[in-house]
Amino acid sequence: MSIPATNGPLEVRGAPSAPVIPPHNAPPYFHVLVKPTGAACNLNCAYCFFLSKEALYPGSRFRMADGLLETYIRQYIESQRTDLVTIAWQGGEPALMGLDFFKRSVECATKYARPGMRIEYTIQTNGILLNDAWCAFFREHSFLVGLSIDGPRPLHDAYRVDKGGGPTFDKAMAAARLLQKHQVDFNILTTVHAANADHPLDVYRFMRDELGVQWVQFIPIVERVNADGRTLLQEGQTVTGRSVTPDQWGQFLIAIFDEWMRRDVGRMYITLFEAALASWLGGPPALCIFAETCGNALAVEHNGDVYACDHFVEPKHLLGNIQERHLSELVASDQQRRFGAAKQDTLPQYCRECKVHFACHGECPKNRFLATPDGAPGLNYLCAGYKAFFTHVDRPMRVMAQLYRSGRAPAEIVHVVAAEEARLKAASAKASRNDPCPCGSGRKSKQCHGKRHPSS
Ligand code: SF4
Ligand code: SF4
């Protein structure tokens, strides 16, 4: 899959190491997900968009060679003009490389780190192979581990199955307990799909009360069906039955947000909610999906091929190979800069005029395959869900942003909400069933906050 270098490579593998000055138009820092085993995995999750990528490398063993590992780490560190560098491993299942591979990766990073540079490590895993040795290593080197669990047993096992189609819940839970035993920092990555989308509180309470984790990332499953019936490429206007619907996605987030806001702000960290708060504070987007442009989150395959993004590991988004062109050149290439700018350039007018555009920015281009009501292409499949969610959270987000700006903790919203609800309860106790609800919703009291009033 490698393409030849087309103009002056900065360096090639085996060249004597000399200071590398990234091209002037390269971003000062960027994120890379490295896939040392490519798409190879020890599970067979039904919705996995990456398993099918094996078709891009027929006959490959899907193992990153040691020499390439060193080339990658060196180039990545050379490309970063910051003192904090994050080396991120993903798959497939990266743990299939074996623990020694990751020990060598830490040795390489230590060798190439510049004075004063701090290296952080992250790894996304299904947890199946984790044991005491892995967890002790993660703890020793402060890895942040992302563990994939989709909720309580039946919701998790609906699609997260092994190669024989068997359940994997117990193994994922065992991994979580091992990580906790070794005090490894970890978060849960939960995909939201047809099986768990209608059970938001079951999923959320399971994470909080049974798993006992604080960091959770929800990812919507949107599997586009290609013309040949496969899901290999980001093409096609229809989605599989495993995909979450836009309304489900919005209601899933809203239900969890409401519970989070009433009791868990400052104790549970939901990546998407934190990102939304950053938008309401006017700060830079905390997730690439909500940024105006793309281009600074690439993927590196097991053979050194570099792609525009983890979600676009497809031939037409191949930038080159780090054995032929330096990573900083590839990230600065016209092809990658065009890819990044396209997110903004192709945003439909409908989105530009949307009230929650500042928080959504049309979300990820991979999901933009609908037409707007006026027929323009490029509307996000999840639009209805995001619009409902961002509209629903507007007021509490404003309150949290105001608390933050006045030097108080956004978590104080828990008390603000409790006081408001107490006031409403008292007011609706006095209102008759057919009066307008004191909350101002425009509905009758009996259909709103007066629903549970003893006289209703
Ligand atoms: S394509 Fe999507 S996932 Fe990739 S950088 Fe852009 S917004 Fe992020
Ligand atoms: S909510 Fe919908 S219309 Fe608004 S910016 Fe997002 S995708 Fe576009």
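Ile 123 has Val 145 of strand 4 as its bridge partner in this predicted model. The two strands involved here are strand 3, covering residues 118–125, and strand 4, covering residues 144–148, and they run parallel to each other over four bridges. Zooming out, they belong to an open sheet of 10 strands with mixed pairing. Reading across that sheet, the strand order goes 9-6-5-4-3-2-1-10-11-12. The edges are taken by strand 9 and by strand 12 (318–321), each of which pairs on one side only.

Strand 2, spanning residues 84–89, sits beside strand 3 in the sheet order, and Leu 84 is part of strand 2. Leucine or not, Leu 84 comes out as exposed, because just 10 other C-beta atoms lie within 10 Å, and a residue with 12 or fewer counts as exposed. Leaving aside residues up to four places away in sequence, Leu 84 touches Arg 118 and Glu 120. There is also Gly 116 to consider: 32 residues separate Gly 116 from Leu 84 in sequence, yet their C-alpha atoms are 9.0 Å apart in space.

Moving on to helix 8, which covers residues 271–280, the buried set consists of Leu 272, Phe 273, Ala 276, Leu 277, Ser 279 and Trp 280. Looking down the helix axis, these buried residues fall within an arc of 155°, so they line one face of helix 8. That fits the usual helix arithmetic: with 3.6 residues a turn, residues three or four places apart point the same way in an α-helix. As for what the buried residues pack against, the list takes in two strands of the sheet, strand 6 (215–220) and the edge strand 9 (269–270). The helical partners are helix 7 (246–263), helix 12 (357–360), helix 13 (383–392) and helix 14 (394–405). Just past helix 8 comes Gly 282, with a positive phi near 80°.

Helix 12 and helix 13 turn up again around ligand 2. The shell there is made up of Tyr 350, Cys 351, Cys 354, Val 356, His 357, Cys 360, Gly 362, Glu 363, Asn 380, Cys 383, Tyr 386 and Lys 387. Helix 11 (349–352), helix 12 and helix 13 are the elements that supply two or more residues apiece, and helix 13 gives the most, with three. Sorted by class, the shell has seven nonpolar residues, three polar ones and two charged ones. Glu 363 and Lys 387 are the charged pair, while the cysteines, counted here as nonpolar, include Cys 351 and Cys 354.

Terms used
Residues are numbered from 1 along each chain as its sequence is written. Chains are lettered from A and ligands numbered from 1 in the order in which they are written. This is a predicted model: local features need pLDDT of at least 70, side-chain atom pairs count only at pLDDT 80 or more; totals for chains, interfaces and linings use all residues. A residue is buried if 20 or more other C-beta atoms lie within 10 Å of its own, exposed if 12 or fewer, and partly exposed in between; C-beta atoms are placed from the backbone. The arc is that of the directions from the helix axis to the C-beta atoms. Two residues are in contact if their C-beta atoms, placed from the backbone, lie within 7 Å. Two strands pair if DSSP finds at least two bridges between them. A residue is near a molecule or strand if its C-beta atom, placed from the backbone, lies within 6 Å of it.
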